[in-house]
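Here is a friendly walk through one structure, meant to be read with the coordinates open beside you. We will look at how the protein meets DNA and then at how some of its helices pack.

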Amino acid sequence: MPELPEVEVVRAGLAPAVAGARVVAVSVVDARSLKRHVPEGADPGTGGHGVTLSPEAGAVRSADFERRLTGALLGAPARRGKFLWIPITGADGAAPRESLLAHLGMSGQLLLRAHEASDDRFVRIRLWIEHPEHGELRLDFADQRRFGSLALDALQLDGESPVPSQAAHIARDPLDPAFDDRGFVTALRSRRTAVKRALLDQTLISGVGNIYADEALWRARLHPETPGERIGPGRARDLLAALRAVFAQALAEGGTSFDEQYVNVNGQAGYFAHSLNAYGRGGEPCPRCGAPTRRIVLGGRSSHFCPRCQRRRKFSR
DNA sequence: AGCTACACCTGATAGC
DNA sequence: TGCTATCAGGTGTAGC
């Protein structure tokens, strides 16, 4: 569910409460939400994705996570694409070498609550933190479908930027000042694959998911199945601009919420669902030209587009 | 290299 | 009412 704007709303919401806070206690309610956590001394190849965690392995992971995180001093949260992390700062003021990494998957939430607040549904991991100005808070990771996870992960350098090792394989996102526009245009135009597939490839450009891919393609008037190599440089740059515009608007409207699955750190929904032009509108008239919007399946996922505004074409600019 | 299929989960909804 | 099938904002791996 959450794509770049939603994760960024969460990051910004966490920032004032966690930067400078100390972790007082940690409770792992369900070790399956630690699927990205590699315990110290463990073989990193074991217990990866799509593998059911044994109760013993889950207990080891939970204990390791709780032990290492308790007492940690938290820094300012950062984000790349849909990965979010909080650096763990050393007492000596040296550059952080470790981070608390979060991926929200389809239904993950990070919720800031008062210490004594009642439980939210689907809380999988709970942190009690103490901030010098804001006092005691609870930071709860809730996740209905458990595709998301928390982990402790080492920070490594990508140029000037520290990035958790598990997020090192993805490309920078288009809101990153160091995003390489020309590199993206070249890479997109060298691909034979459908542009929608390319947008969802996090190693080409990160942060884009199914909603914002459809919205950006609608804005750029590109058919989702257009091969990358048939897109001219001008239109590729238009697509990048469309992505940034749709991200900026979604961010300003607090992200896209269809239900309770995406909320900010205070449990509130965003408004961008009202501004969607293509996603989820199969059969409804295109807001631009009035033609009925179509829904097709591409790479196993729904794609929504206007067959009149977004024609397949031989080549464009 | 590029693609499909599938695995990991839970819940809502539609159709019978 | 209850069953089954399908769908959902993501990602990582196996296998062709």
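For the residue classes used here, Ala, Val, Leu, Ile, Met, Phe, Trp, Tyr, Cys and Pro count as nonpolar, Asp, Glu, Lys and Arg as charged, and the others, Gly among them, as polar. Please keep in mind that this is a predicted model.

**Meeting the DNA**

With those classes in hand, the surface near DNA strand B sorts into 2 nonpolar, 4 polar and 4 charged residues. Which residues come nearest to the strand? Of the 10 residues around DNA strand B, they are Gln144, Arg145, Arg146, Thr193 and Arg197. On the DNA side, sugar and phosphate make up 70% of the atoms of DNA strand B that come within 4 Å of the protein.

Three side chains can be followed down to single polar contacts, listed here with the part of the strand that each one meets.

| Side chain | Partner in DNA strand B | Distance |
|---|---|---|
| Gln144, N or O atom | sugar or linking oxygen | 3.2 Å |
| Arg146, polar atom | phosphate oxygen | 3.1 Å |
| Thr193, N or O atom | phosphate oxygen | 2.7 Å |

So that you can place these contacts in the model, look for Arg146 and Thr193 at phosphate oxygens, and for Gln144 at a sugar or linking oxygen.

**How α6 packs against two helices**

Two packed helices are described by the angle between their axes and the distance between the axes. Let us start with helix α1 (residues 4-18) and helix α6 (residues 233-252), whose axes come within 9 Å and cross at roughly 45 degrees. Angles of 65 to 115 degrees count as roughly perpendicular and those under 35 as roughly parallel, and α1 and α6 are therefore oblique to each other. Their crossing is right-handed. From α1, Leu4, Pro5, Glu8 and Val9 take part, and they meet Phe247, Ala250 and Leu251 in α6. By class, this contact of α1 with α6 has 6 nonpolar residues, no polar ones and 1 charged.

Helix α3 (residues 181-189) also packs on α6: the two axes come within 10 Å and cross at roughly 120 degrees. α3 and α6 are therefore oblique to each other, and α3 passes α6 in a right-handed crossing. On the α3 side the contact is made by Asp181, Phe184, Val185, Leu188 and Arg189. On the α6 side it involves Pro233, Ala236, Arg237, Leu239, Leu240 and Arg244. The residues of this contact of α3 with α6 divide into 7 nonpolar, no polar and 4 charged.

How values were computed:
Residues are numbered from 1 along each chain as its sequence is written. Chains are lettered from A and ligands numbered from 1 in the order in which they are written. This is a predicted model: local features need pLDDT of at least 70, side-chain atom pairs count only at pLDDT 80 or more; totals for chains, interfaces and linings use all residues. Side-chain values use heavy atoms; hydrogens and water are left out. Axes are lines fitted to C-alpha atoms, for helices over the stretch in contact, and angles run from 0 to 180 degrees between N-to-C directions. Helices (H or I, at least four residues) and strands (E, at least two) are DSSP runs, numbered from the N terminus. Angles under 35 degrees count as roughly parallel, over 145 as roughly antiparallel, 65 to 115 as roughly perpendicular and the rest as oblique. A crossing is left-handed if the near helix is turned anticlockwise from the far one by less than a right angle, and right-handed if clockwise. Contact means heavy atoms within 4.5 Å. A residue is near a molecule or strand if one of its heavy atoms lies within 4 Å of it. A polar contact is a pair of N or O atoms within 3.5 Å; within protein, one must be able to donate a hydrogen and the other to accept it, and residues adjacent in sequence count only if both atoms are side-chain atoms.
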